[in-house]
Amino acid sequence: MSNQGNRQTPQTGRLYQFKLVLLGESAVGKSSLVLRFVKDQFDDYRESTIGAAFLTQTIGLDNNTTVKFEIWDTAGQERYKSLAPMYYRNANCAVVVYDITQASSLEKAKSWVKELQRQADPNIVIALAGNKSDLSARRVIDTEEAKAYADDTGLLFFETSAKTATNVNELFTSIARKMPLDQLAANSRGRELNRRLDLNRPPQNNSNCNC
């Protein structure tokens, strides 16, 4: 596994773990994005995902903070659509991918965004990724059109290329930075305080025995 650049893992500090799901039409390059992010590799002849694939990768942020993504890469074929809720359920973040050379893939991406906003965790962080930016000569989806949609819908937005690695690390790093780390840290401190109070509290005697 490559741990170069912003993916280097700090040796000390806080570790936050998040479930991330990738959604989008078949052949938009979801698996290629994950492969580039996790292993810094690209395969021109990668086969379609069946069901879902699971990978992990960590990102080192400032102040010795590490974010670990548990990544579920879902299949885009229609026959697997009914399985998607099983993967995005309890997801903390999602990347919805479309292909800049296929107009229908953006419409499909928009339907996935609606489904996530309707059924996933209300605090889920969603990024829209227009993949295959290396094929600009075949572009049919205008960057500004997609960005305007992302801005209106409250999504992070990047145009990426799994082939050239353009904006791949930036996409996942932006998601990591968007996660509510301060809130999670406060919740963690609250749980630890309650745990300590429970440990220090004398046990109660609920027995009614008079013997």
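In this predicted model, Leu106, Lys110, Val113 and Gln117 of helix 3 meet Glu145, Tyr149 and Thr153 of helix 4. The chain holds six helices and six strands, arranged along the sequence as β-α-β-β-α-β-α-β-α-β-α-α. Of its 211 residues, 45% count as buried. Among contacts between residues at least 6 apart in sequence, 75% join residues at least 24 apart.

**Helix 3 and helix 4**

- The axes of helix 3 and helix 4 come within 12 Å and cross at roughly 5°.
- Helix 3 is therefore roughly parallel to helix 4, since angles under 35 degrees are classed in that way.
- Helix 3 covers residues 103-119 and belongs to a right-handed β-α-β unit together with strand 4 and strand 5.
- Helix 4, residues 143-153, carries the chain from strand 5 to strand 6 in a β-α-β crossover that is also right-handed.

**Strand 5 and its partners**

- Strand 5 spans residues 125-131, and seven of its seven residues are buried, so the strand is largely enclosed by the rest of the structure.
- In a regular strand, side chains alternate between the two faces of the sheet.
- Val125, Ala127, Ala129 and Asn131 point one way from strand 5, while Ile126, Leu128 and Gly130 point the other way, and all of these residues are buried.
- Strand 4, residues 93-99, pairs with strand 5 in the parallel sense over seven bridges.
- Within the pairing of strand 4 and strand 5, Asp99 stands opposite Asn131.
- Strand 6, residues 156-159, pairs with strand 5 in the parallel sense over four bridges.
- Leu128 of strand 5 has Phe157 of strand 6 opposite it.

**Nonpolar cores**

- In soluble globular proteins, nonpolar side chains tend to be buried together.
- The largest nonpolar core comprises 31 residues, and those with the most contacts inside it are Leu20, Phe69, Val95, Phe172 and Ile175.
- Two or more residues of this core come from each of strand 1 (14-24), helix 1 (30-39), strand 2 (52-61), strand 3 (65-74), strand 4, strand 5, strand 6 and helix 5 (168-178).
- Helix 5 gives the largest share of this core, with five residues.
- When neighbours within four places in sequence are left aside, Leu20 is in contact with Phe69, Glu70, Ile71, Trp72, Cys93, Val95, Phe172 and Ile175.
- Another core lies apart from the largest one and has 25 residues, including Ala94, Val113, Ala120 and Tyr149.
- Val113 and Tyr149 also appear among the residues through which helix 3 and helix 4 meet.

**Helix 1 and helix 5**

- Helix 1 is mostly covered, with nine of its 10 residues buried.
- The buried residues of helix 1 are Lys30, Ser31, Ser32, Leu33, Val34, Leu35, Arg36, Phe37 and Val38.
- Helix 1 and helix 5 pack with their axes 9 Å apart and at an angle of about 85°.
- These two helices are therefore roughly perpendicular to each other, as the range for that class is 65 to 115 degrees.
- Leu33, Arg36 and Phe37 of helix 1 make the contact with Val168, Asn169 and Phe172 of helix 5.
- Phe172 is also one of the residues with the most contacts inside the largest nonpolar core.

**Loop residues and backbone angles**

- Asp40 follows helix 1 and has a positive phi, near 55°.
- Asp40 is placed in the loop between helix 1 and strand 2.
- Asp40 counts as partly exposed because its relative accessibility is 34%, which falls between the limits of 20% and 50%.
- Asn167 likewise has a positive phi, near 65°, in a residue other than glycine.
- The loop between strand 6 and helix 5 contains Asn167.
- With a relative accessibility of 25%, Asn167 counts as partly exposed.
- Asn64 lies in the loop between strand 2 and strand 3.
- Asn64 is partly exposed, its relative accessible area being 40%.
- The C-alpha atoms of Asn64 and Leu15 are separated by 8.8 Å, although these residues are 49 residues apart along the chain.

Notes. Residues are numbered from 1 along each chain as its sequence is written. This is a predicted model: local features need pLDDT of at least 70, side-chain atom pairs count only at pLDDT 80 or more; totals for chains, interfaces and linings use all residues. Side-chain values use heavy atoms; hydrogens and water are left out. Buried means under 20% relative accessible area, exposed over 50%, partly exposed in between (1.4 Å probe, protein chains only). Two strands pair if DSSP finds at least two bridges between them. A crossover is right-handed if, with the strands pointing away from the viewer, the path from the first strand over the helix to the second runs clockwise. A nonpolar core is a set of buried Ala, Val, Leu, Ile, Met, Phe, Trp, Tyr and Cys residues joined through side-chain atoms within 4.5 Å. Contact means heavy atoms within 4.5 Å. Axes are lines fitted to C-alpha atoms, for helices over the stretch in contact, and angles run from 0 to 180 degrees between N-to-C directions. Angles under 35 degrees count as roughly parallel, over 145 as roughly antiparallel, 65 to 115 as roughly perpendicular and the rest as oblique.
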